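Welcome, and please open your viewer with the cartoon display switched on. We will go from stop to stop, and at each one you will get something to select and a few things to look for.

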Amino acid sequence: MAVRNIIQIGDPTLRKKSFPVTDFGPKTWELIDDMKQTLEKADGVGLAAPQVGVLRRIFIVSYEDKYYECINPVMVDQEGKQTGNEACLSVRGKYGSVERPMCVTVKAFDRNGKEFTVKAEGFLARAFCHEYDHLDGILYLDKAQSVGEDK
């Protein structure tokens with residue numbers, strides 16, 4: 001495992017659409033393990049592969065001592081609304097108020113290519129949506145109702 005560099009806003013990779021994962025082998029496992037170590041070192045909640053310069057449809061979220069590894073995720077349902085502040089490891093020093101669904105249902109594959117479905121609510125739903133957007137080249141700043149500077 002290795003800590004990877006988290007690219008920052010302005011890098012064109014963050015604005016590109018990611019490609020589906022077709023190989024669920026050792027290279028994908030290494031990427032996911034590296035992303036976990038990178039996320040832990042950065043003390044973040046979520047990380048998408050484009051944030052470490054890899055245009056593949058993979059994101060991870062760490063919430064309540066559990067890792068969610070989502071490969072080729074698809075949002076299959078959204079319900080309700082919530083508005084709250086978000087920040088991003090690729091947009092240092094800023095935060096923004098973003099409206100997101102209160103609940104989402106995501107279908108994805110795990111690292112072994114097994115399909116699963118997860119229903120996320122509240123903060124976890126927000127994190128899933130934030131990371132999912134990265135896979136399509138969208139940053140939270142694109143949806144923010146207001147943006148502030150970290151103190």
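This tour visits a sheet, the helices that lie across it, two pockets and a salt bridge. Keep in mind that the model is predicted.

**Stop 1: the sheet**

Begin by colouring the strands E1, E2, E3, E6 and E7. In that order, E1-E2-E3-E6-E7, they make up an open sheet of 5 strands with antiparallel pairing. Now highlight residues 46-48, which are strand E1, and 115-121, which are strand E7. These two stand at the edges with a single partner strand each, so one side of each has no neighbour in the sheet. Turn the view a little to follow the twist, which averages 40° from one strand to the next.

**Stop 2: pairs inside the sheet**

Stay with E1 and add E2: the two pair in the antiparallel sense over 3 bridges. For a sample of this pairing, select leucine 47, whose bridge partner in E2 is isoleucine 60.

Next, move from E2 (residues 58-63) to E3 (residues 66-79). How many bridges join these two strands? There are 6, and the strands run antiparallel. Pick serine 62 and you will find its bridge partner, tyrosine 67, in E3. Between E2 and E3 the hairpin has 2 residues, and glutamate 64 there takes a positive phi near 50°.

**Stop 3: the helices across the sheet**

Select residues 26-42 to bring up helix H1. H1 lies across E1, E2 and E3, and its direction makes an angle of about 40° with E2. Then select residues 122-134 for helix H2. H2 lies across E1, E2, E3, strand E6 (103-109) and E7, running at about 155° to E2.

**Stop 4: the largest pocket**

Show Val45, Gly46, Ala87, Cys88 and His130 as sticks. Of the 20 residues lining the largest pocket, these are the closest to its centre. The pocket has a volume of about 350 Å³. Which elements supply at least two residues each to this lining? They are strand E4 (82-88), strand E5 (91-100) and H2. H2 gives the most, with 5 residues. Colour the lining by class and you should see 7 nonpolar, 6 polar and 7 charged residues.

**Stop 5: the second largest pocket**

Now select Arg4, Pro20, Val21, Thr22, Asp23, Lys27, Thr28, Glu30, Leu31, Val54, Arg56 and Ile58, which line the second largest pocket. Its volume is about 270 Å³. Here H1 provides the largest share of the lining, 4 residues. By class, this lining holds 5 nonpolar, 2 polar and 5 charged residues.

**Stop 6: a salt bridge**

The structure holds 14 salt bridges. For one of them, show the side chains of lysine 17 and aspartate 136, which meet at 3.7 Å, N to O. Why does this pair tie together parts that are 119 residues apart in sequence? Lysine 17 belongs to the segment before H1, while aspartate 136 sits in the loop between H2 and strand E8 (146-149), so the contact links those two parts.

Conventions. Residues numbered from 1 in each chain as written. Predicted model: local features only at pLDDT ≥ 70, side-chain atom pairs only at ≥ 80, totals over all residues. Heavy atoms only, no water. Pairing = 2+ DSSP bridges. Axes fitted to C-alpha atoms, helices over the stretch in contact; angles between N-to-C directions. Contact = heavy atoms within 4.5 Å. 1 Å grid on protein atoms, 1.4 Å probe; cavity = no way out; pocket = protein on both sides within 12 Å on 5 of 7 lines; lining within 4 Å. Points joined across faces, edges and corners; volume = space filled by probe spheres on them. Nonpolar A, V, L, I, M, F, W, Y, C, P; charged D, E, K, R; others polar. Salt bridge = Lys/Arg side-chain N within 4 Å of Asp/Glu carboxyl O.
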